[in-house]
Amino acid sequence: METVIITGGTGLIGTALSKFLLSRGFQVIILTRDPKAHRSSVPGISYAAWNIEEQSANEEAFQKAKYVIHLAGAGVVDKPWTNKRKKEIVESRTRSSELLIKAMTSIPNKIVSVVSASAIGWYREILSQPAVETDPPDPGFLGETCRAWENAIQPVRDLGKRLVILRTGIVLSNEGGAFPEFVKPVKYGIAGILGSGKQIISWIHIEDICRIYLEAILNPAWSGVYNAVAPNPVNNRTFTVELAKRIKGNFFIQVPVPNFILRTLLGGRSEEVLKSSHISANKLKQQGFQFIYPTIDAAFRDLIPR
Ligand SMILES: NC(=O)c1ccc[n+]([C@@H]2O[C@H](COP(=O)([O-])OP(=O)(O)OC[C@H]3O[C@@H](n4cnc5c(N)ncnc54)[C@H](OP(=O)(O)O)[C@@H]3O)[C@@H](O)[C@H]2O)c1
């Protein structure tokens with residue numbers, strides 16, 4: 001059986017991805033800062049330690065693995081963006097990438113490919129056309145974070161390993177992340193339209209992002225940066241209203257949430273919900289990837305069964 005290391009595999013994507021890879025016959029080793037907190041009862045999924053400050057990692061994991069998936073990083077929207085938190089957001093990604101490279105350099109291993117998360121926060125707001133992988137980074141905090149993160153993982157190539165970077169859109173899952181936050185007010189009949197409601201949301205269903213990671217570790221034709229987003233993004237109003245219709249039928253009201261309220265509540269993080277992110281999925285499609293959930297309707301039908 002082939003083994004996949006998943007850094008930060010205890011989080012939203014990693015938990016789903018571990019189960020998905022297991023179902024496809026892989027062994028999974030999750031690199032976590034706290035292995036004692038996560039004893040696995042599932043044969044095939046185990047936990048191993050790494051310490052980013054000390055730049056040390058479990059050697060056996062690297063000796064066993066054929067693939068590495070790098071998801072670790074402090075949550076971007078969980079806490080206010082103080083200077084301390086911003087440093088943690090960036091360094092949890094750059095220092096962990098450095099540790100991966102150090103481990104793959106010093107520990108004898110047979111790793112063939114490394115797939116790293118990045119985010120569509122890379123892109124500046126472009127209103128005229130969907131953003132493509134060759135576009136330059138946004139000079140703001142999120143763009144800078146993604147740039148530093150992607151740069152930090154690049155030396156993987158010098159080790160002779162194939163590198164794929166997935167600039168991921170908003171992952172839709174009932175288990176956590178942004179989606180349950182959208183659902184909460186709708187359950188009370190309130191469809192909160194954020195800002196103008198015209199800003200585009202580039203999203204991806206959790207099952208499709210797991211399938212993209214699998215394809216990326218296995219397929220030697222995949223290399224470099226890909227936008228991991230569904231091919232049919234929608235604006236905030238459509239997203240919210242369609243969600244409300246799915247959950248409440250016609251029994252909901254649209255409530256505008258003005259920009260200044262979002263800025264007061266979220267500070268710098270309001271950038272995340274107010275920025276329009278129209279991101280192209282063309283490169284992924286050209287690579288032959290077929291989405292199970294290409295439209296928001298298909299995603300909502302799966303996530304909110306009747
Ligand atoms: N979910 C999305 O919508 C989305 C969209 C775009 C990009 N991404 C990116 O994809 C990756 C995975 O996303 P996710 O939603 O699964 O994230 P998540 O649920 O927040 O999990 C990330 C994992 O990273 C580890 N971590 C947290 N803080 C850390 C720190 N300070 N230093 C080192 N490791 C730390 C944690 O694992 P341990 O506590 O076990 O060490 C955590 O379980 C993230 O890097 C995220 O930025 C996610």
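What follows looks at the ligand shell, one helix and a loop residue in a predicted model.

The ligand comes first. Around it sit 26 residues, and those that come nearest are Gly 8, Gly 11, Thr 32, Gly 73 and Ser 92. Sorted by class, the shell is a mix: twelve residues are nonpolar, eleven are polar and three are charged. Several elements chip in with at least two shell residues each, namely helix H1 (12-23), helix H3 (83-106), strand S6 (113-119) and strand S8 (170-172).

Strand S8 turns up again in the packing of helix H5, whose buried residues pack against S8, strand S9 (190-194), helix H7 (236-248) and helix H11 (296-303). The buried residues in question are Phe 179, Phe 182 and Val 186, in a helix that spans residues 179-187. Looking down the axis of H5, these buried residues stay within an arc of 70°, so they line one face of the helix. The spacing helps make sense of this: an α-helix has 3.6 residues a turn, so residues three or four places apart point the same way. On the face turned away from the buried side, H5 carries the exposed residues Glu 181, Lys 184 and Lys 187. After H5 comes Gly 189, with a positive phi near 85°.

A positive phi also shows up at Gln 55, this time in a residue other than glycine, with a value near 55°. Gln 55 belongs to the loop between strand S3 (45-51) and strand S4 (56-57). With 13 other C-beta atoms within 10 Å, Gln 55 counts as partly exposed.

Conventions:
Residues numbered from 1 in each chain as written. Predicted model: local features only at pLDDT ≥ 70, side-chain atom pairs only at ≥ 80, totals over all residues. Near = placed C-beta within 6 Å. Helix = DSSP H or I, 4+ residues; strand = E, 2+ residues; numbered from the N terminus. Nonpolar A, V, L, I, M, F, W, Y, C, P; charged D, E, K, R; others polar. Buried ≥ 20, exposed ≤ 12 C-beta atoms within 10 Å, placed from the backbone. Arc of directions from axis to C-beta. Contact = placed C-beta atoms within 7 Å.
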